[in-house]
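Here are some questions on how the terms used for a structure follow from computed values. Each answer sets a value against its cut-off.

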Amino acid sequence: MRVIKEVDSGKNKWNSFEVGLKDGNIVIRDEAGYVDFPEEAVDKLVDSIDQARRKLREKERSPTSED
């Protein structure tokens, strides 16, 4: 796997994962293993993350609404 970027996440950055390329796919790897995403799955993943971020922002603007 060719690592493109390492990303820290979690409280106090306790978890990290690597984003890279392997066998023509985008790969996300952490200490438990890795998940590879073919090109068409990347588009779906990005779209899903965008939708989730919009929902979070909607919730922030309306703190009395339910999940």
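Q: What pattern does the chain follow, read along the sequence?
A: In this predicted model, the pattern along the sequence is β-β-β-β-α. That fits a count of 1 helix and 4 strands in the chain.

Q: Why is the chain called more spread out than a compact globule?
A: Its radius of gyration is 15 Å, while the globule rule gives 11 Å for 67 residues. The value for the chain is well over that of the rule, so the chain is described as more spread out than a compact globule. Along the principal axes, the C-alpha atoms fill a box of roughly 45 × 30 × 15 Å.

Q: What makes a residue count as buried, and how much of the chain is buried?
A: Buried means under 20% relative accessible area. Of the 67 residues in the chain, 10% are buried.

Q: Why is Asp50 called partly exposed?
A: Partly exposed lies between the cut-offs of 20% and 50%. Asp50 has a relative accessible area of 32%, so Asp50 is partly exposed. Asp50 lies in helix α1, residues 39-61.

Q: Which residues form the negative surface patch?
A: The patch consists of Glu39, Glu40, Asp43, Asp47 and Asp50. Asp and Glu count as negative, which is why the patch is called negative.

Q: How do you know that Arg57 is partly exposed?
A: The relative accessibility of Arg57 is 42%. Exposed requires over 50% and buried under 20%, so Arg57 counts as partly exposed. Arg57 is placed in helix α1 and belongs to a positive surface patch with Arg53, Arg54, Lys55 and Arg61.

How values were computed
Residues numbered from 1 in each chain as written. Predicted model: local features only at pLDDT ≥ 70, side-chain atom pairs only at ≥ 80, totals over all residues. Heavy atoms only, no water. Patch = residues over 30% accessible without salt bridge, like charges linked within 9 Å, V, L, I, M, F, W, Y side chains within 5 Å. Areas by Shrake-Rupley, 256 points an atom, 1.4 Å probe, with all protein chains shown as cover. Salt bridge = Lys/Arg side-chain N within 4 Å of Asp/Glu carboxyl O. Charge placed at Lys NZ, Arg CZ, Asp CG, Glu CD. Helix = DSSP H or I, 4+ residues; strand = E, 2+ residues; numbered from the N terminus. Buried < 20%, exposed > 50% of the residue type's maximum accessible area, 1.4 Å probe, protein only. Rg over C-alpha atoms; globule rule 2.2 N^0.38 Å.
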